[in-house]
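Visitor: I would like a close look at one part of this model, namely the open space in it. What lines that space, and how is it defined?

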Amino acid sequence: MMKKIIIGVALVIFGINGFANNDSLIHIIPQPVSVAAGAGTFYLNAATVITVNDTALRGIADLLSGFLNGPSGYGIPVKKAGAQTSNVILMERNRTPDSKILKNGYKLLVTPQRIRLTANEPEGLFYGIQTLLQLMPPDIESRGVVRKLRWPVPCVAILDYPRFHYRGLMLDVSRHFFTKAEVKKYIDEMVKYKFNVFHWHLTDDQGWRIQLDGLPELTGTGAWSVPRTGRFGEFAPPQPGEKATYGGFYSQKDIREIIDYARKRFITIVPEIDVPAHSLSMIASYPALSCTQQQYPVNPGSPMYGKIDNVLCVNNDSTWLILDKVFTEVARLFPGPYIHIGGDEANKSFWNACPKDQALMKANGLKHVDELQHFFMKKLERLITSKGKKMVGWDEVLEGGTLPSNVIISARMGIDGCIAAAKAGHPVIMIPWEYTYLDLSQGDPLIEPATYGQIRLKRSYGWNPVPNGVNPDQVLGGEGVLWTESVPDYRQAEYMTWPRSLALAEAFWSPQEQLVWNDFVRRMEARFRYMDAGQVKYARSAYDPVITGVKDANDSLLVNLETEIDGLELHYQFNGTNPDQFSPRYKGTPLNIPKGATEIRVITYRNGAPVGKQINCPLSEIRKRVP
């Protein structure tokens, strides 16, 4: 009933009659507020023209022209709006704001004669462009020219606007360095799904990635570690005389270029300088900043907790002199309103053992090191505010006392932590780890790259960023975060980001009541064809078997099989052979384990063909998976 009402409203809004069913050709992510499929097709060809009714739209129109001309080879021009009414893409800024689409929404009307895109602001037109591109064939994502006489666009009427203002993805470039070109590519993929915030985790124990004037050691020393391959957290520490050759950093020219690139795509960059902990790359550069004042190397990913002092000394004039220099330059470089200061996971044992910090606590009547953390955060907030920016921090910035209500909390400590941050009266960016941590595997750990946990696609899709009991007005939006301890290269960054970030894009943009898992799967599968055309790596883990254990009334172990995606067949073998469509099919009842069996092998099929990866699961592992 809700879908029929929405479509009916769209027909009235756009004044369209005689629309027929074109639904199978429409697979937009995130799901628009309303979609009315129409009869017929617009064909993009070499004679198509883009027009604008406002010269301020020229830059956006040029972007659209570039998006279209790259794969088509047409050379579609951008012109001032005139008499041409057919074979044209009209981009129009409303002279009188349209209240139905709010500030950053848009309307898109495709008829056989023309495409009309309207919005109140340029940002809305940019989002409309992303929707228009999703209506075109997958070849629109091709990196080379795909010669076609005509490119079809199904007729449709769309009204759309975002649910949340803040729709972010975070990329950690400290644990592993990503090049300027790779950062731009990540931004390119974000904007297709209407994300508008790029949270750039620029510093951590494993590397300092931002060049700053007057502090050359931050990149001369802090940007480099010894090379290691294997599992992060288990790497051998630097050896005597071993050269630090792995890493890199962004020059100020690089950063300005990326900022400008993002700005043209309506992406706000939130830089993160992680303090007072996760600061080993800074301390390796300037050893006097820590309580121990020892000369440490940058950590490549070796065990370090409690062994290496990666926490800034609070009662140290040098700490605050350098922090002032750092945040002065960061504020000058980044035009956005926010600076993220991290603030998480401080090993306070070093403060407890530090005579300087203990003296500070005594002088200020602080009874616990949590209060020293609070002292640091209050002072840092004043520093950030003096630079004309708003401070953003992880949940831990609230430890030990209250902060000004304008401090924004990146709430990652689970749903309960998100609720607590909101109830403390702060604006909140919802990032509960159990739904948004993109570094956790999307599928079975037996066949996925090693990491420390799992979040399946369906779980992320079922998340509502506004928990019960939280005032929606306090929720700025949400963010998916990609920590990169276990992400050594860009292809793996893509694999961990997609398609889970498609689910998050929908959570941040689309009306909650319109989110339907099976329809999302349909649209996601269509988007996979576009990712294939664009050579974007993504996980197909949602097609894989889900294998768990259960106990029967006699406490015997049984094997339970499921799939995330409906309509898949599960075939299995206990006899050590590889299953296919002729092997036993799972019927929904947990399986008894034959005597002598040591593992179960399972694979998914659809329409007579394998669709997921085969999983060989030892029965010893099944025992660990009993709820």
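Guide: What follows deals with the pockets. The model is predicted, so local features need pLDDT of at least 70 and side-chain atom pairs pLDDT 80 or more, while totals for chains, interfaces and linings use all residues. Residues are numbered from 1 along each chain as its sequence is written, and side-chain values use heavy atoms, without hydrogens or water.

The second largest pocket (on a 1 Å grid over the protein atoms alone, an open set of points with protein on both sides within 12 Å along at least five of seven lines) has a volume of about 520 Å³ (the space filled by 1.4 Å probe spheres set on the points, which are joined across faces, edges and corners). It is lined by 21 residues (an atom within 4 Å of a point), and Phe67, Glu141, Asp188, Glu189 and Lys192 are the closest to its centre. Helix 2 (58-72), helix 3 (122-135) and helix 4 (180-192), as DSSP runs of H or I with at least four residues, numbered from the N terminus, each contribute at least two lining residues. Helix 4 contributes the most, five residues. The lining holds seven nonpolar, six polar and eight charged residues (Ala, Val, Leu, Ile, Met, Phe, Trp, Tyr, Cys and Pro are nonpolar, Asp, Glu, Lys and Arg charged, the others, including Gly, polar).

For reference, the largest pocket encloses about 680 Å³. Of its 32 lining residues, Arg175, Phe232, His278, Glu345 and Glu485 lie nearest the centre. By class, this lining has ten nonpolar, twelve polar and ten charged residues.
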